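Biologist: I've got this one open on my screen and I'd like a close look at the packing of its interior. Take me through it slowly, please, one patch after another.

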Amino acid sequence: MKKTILLFSFLLSLIMHAQDSEELNFDEKYKKEYQGKAKIEIDEVKELLHIMIAITEVGLENDDMVEQKGKYYQDVLQHFKAFKNEKIIIKFDSLMKKNPINYIFLTGNAISYDFKNNQLIPNKNFIFPMKSVSSHTKITVNPITTYKKEIEDFALKSNFRKFYKEHLSFYKELIENYNQQADLNEQWQWLEKNFDTKMNSYLIFCSPLINGLNYTTTYKNNNFKQIVMVLPPIGQEKDLSPKQNIVFNTRTMFTEIDHNYVGTPTKKYAKDLENALKDREKWVNTKQEGTEYYPNAERVFDEYMTYSTYYLFCADKFKDDQNTLQYAYNDLNELMKQRGFPKMKEFNDALLALRKKYPNKKIDDLYPEFIQWCGQQ
């Protein structure tokens, strides 16, 4: 099961391509509330689902699925582990053993309900927000609706709402850490300055129980486009300096966000990329586990470009701090090499050189000449 969950983390980038069919209602009130804003939320019902999953057999055995370090996780175990044999917990466990993608369908659709006293009432905006993970992985019934009564009963029996209320100050601290360590508005402004794509709003759903399973998607409804990300809290690595921690945390967020900007021109030039990257062995270490989820040139290039765009961002942000920029450069190249993308260093160097050649062009407009460079490798 551990291997299944690990491989699952490579699939999450598929989600962003499949959201046009989701059931949403971005009414005028919602649009007014979120227009031009970037918000970070730890949603109550979503946190309940993360806790329920954390005490399943699957959740207890997988620290990639569930963050198992820290006091909060110990609080969760102390408060909720006694309920791990409840029928609904066993049911959720069986669903994820059948298909790990059910983790996404359960937690992703949790935002379709809100608590009113001890009952779950439908959210007016997110009606059925996670119907599909890819073109071949879809559901037709919201699982939160299916198990609504059982979830309500579990929340009441376990006194979840009291637990959530007692940890509100901790949740607030996590949100403040995001604003200090990975300025979302700064990233948003840079991306919209450098790409043709525009968004109305950003929304991060965070949980202290999220670890390696992160994803992003773009929701579109009623002439309103919102990037929604599911991310873990900001991390503080003890062996990194304060600035290096900012780089680390920014990378985690930025490389989720910019999929939504890079993907548009990548798709536009998909046929050209098939020819330019036709020698797959040059671009992908096919022996590395996980690279099979990038089966064609479009997907491979998109992944390279996502991370290389992050380096362009760093080159601007840290232009007067060469030590920090060098750390970002080395860290990025090594990470991608480990993931099975061996030409990351050359890719970064070439894209940065092209950017310096055309400093006033949008990154979208660099694609034709850059794809020619790819084809010459």
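Modeller: Let's settle one word before we start: a residue is buried if its relative accessible area is under 20%, exposed if that is over 50%, and partly exposed in between. Keep in mind, too, that this is a predicted model.

Try the word out on Asn-125, which sits in the loop between β4 (119-122) and β5 (126-128). Its relative accessibility is 14%, and 14% is under 20%, so Asn-125 counts as buried. What does Asn-125 touch, once you leave aside its neighbours within four places in sequence? The list is Glu-23, Leu-24, Asn-25, Asp-27 and Tyr-30.

Now for the main patch. The largest nonpolar core takes in 125 residues, and Tyr-202, Phe-347 and Phe-370 have the most contacts inside it. Helix α17 gives the most to this core, contributing 12 residues. As a general rule, nonpolar side chains in soluble globular proteins tend to be buried together.

Let's follow Phe-347, since it takes us into helix α19. This helix covers residues 344-357, 14 residues in all, and spans 20 Å from its first C-alpha to its last, close to the 20 Å expected. Which residues of α19 are buried? They are Met-344, Phe-347, Asn-348, Ala-350, Leu-351, Leu-352, Leu-354 and Arg-355. When you read a list like that, remember that an α-helix has 3.6 residues a turn, so residues three or four places apart point the same way. The buried residues of α19 pack against a whole set of helices: α12 (184-194), α16 (280-283), α17 (297-317), α18 (322-339) and α20 (367-375). Zoom in on Phe-347 itself and, neighbours within four places in sequence aside, you'll find Trp-283, Phe-301, Tyr-304, Met-305, Ser-308, Phe-370, Trp-373 and Cys-374 in contact with it. Phe-370 turns up there as a partner of Phe-347, and Phe-370 is also among the residues with the most contacts inside the core.

Two of the helices that α19 packs against, α12 and α17, are worth a look as a pair. Their axes come within 11 Å and cross at roughly 105 degrees. That angle makes α12 roughly perpendicular to α17, because anything from 65 to 115 degrees counts that way. On the α12 side the contact is made by Glu-186, Gln-187, Trp-190 and Leu-191, and on the α17 side by Thr-309, Leu-312, Phe-313, Asp-316 and Lys-317. Sort these residues by class and you get 4 nonpolar, 2 polar and 3 charged.

Hold that mix in mind and go over to α3 (residues 44-54) and α9 (residues 148-158), whose axes also come within 11 Å, crossing at roughly 85 degrees. So α3 is roughly perpendicular to α9. Here Leu-48, Leu-49 and Met-52 of α3 meet Ile-151, Phe-154 and Ala-155 of α9. This contact has 6 nonpolar residues, with no polar and no charged ones. Is Ile-151, in helix α9, buried or exposed? With 0% relative accessibility, Ile-151 counts as buried. Besides Leu-48, Leu-49 and Met-52, Ile-151 touches Phe-92, Leu-120 and Ile-144, residues up to four places away not counted. Ile-88 is 63 residues from Ile-151 along the chain, yet their C-alpha atoms are separated by 7.3 Å.

Just past α9 comes Asn-159, in the loop between α9 and α10 (160-166). Its phi is near 60 degrees, a positive value in a residue other than glycine. For background, most residues other than glycine have a negative phi. At 38% relative accessibility, Asn-159 counts as partly exposed.

Last stop: Met-199, in the loop between α12 and β8 (201-206). Met-199 is buried, with a relative accessible area of 8%. Residues up to four places away aside, Met-199 touches Trp-188, Glu-192, Thr-218, Lys-225, Ile-227, Asn-260 and Tyr-261. Asn-260 is 61 residues from Met-199 in sequence, with 9.3 Å between their C-alpha atoms. Asn-260 and Tyr-261 are also among the buried residues of α14, along with His-259, Val-262, Gly-263, Pro-265 and Thr-266. Since 7 of the 10 residues of α14 (residues 259-268) are buried, the helix is largely enclosed by the rest of the structure.

Terms used
Residues are numbered from 1 along each chain as its sequence is written. This is a predicted model: local features need pLDDT of at least 70, side-chain atom pairs count only at pLDDT 80 or more; totals for chains, interfaces and linings use all residues. Side-chain values use heavy atoms; hydrogens and water are left out. Helices (H or I, at least four residues) and strands (E, at least two) are DSSP runs, numbered from the N terminus. The expected span of a helix is 1.5 Å times one less than its number of residues. Buried means under 20% relative accessible area, exposed over 50%, partly exposed in between (1.4 Å probe, protein chains only). Contact means heavy atoms within 4.5 Å. A nonpolar core is a set of buried Ala, Val, Leu, Ile, Met, Phe, Trp, Tyr and Cys residues joined through side-chain atoms within 4.5 Å. Axes are lines fitted to C-alpha atoms, for helices over the stretch in contact, and angles run from 0 to 180 degrees between N-to-C directions. Angles under 35 degrees count as roughly parallel, over 145 as roughly antiparallel, 65 to 115 as roughly perpendicular and the rest as oblique. Ala, Val, Leu, Ile, Met, Phe, Trp, Tyr, Cys and Pro count as nonpolar, Asp, Glu, Lys and Arg as charged, and the others, Gly among them, as polar.
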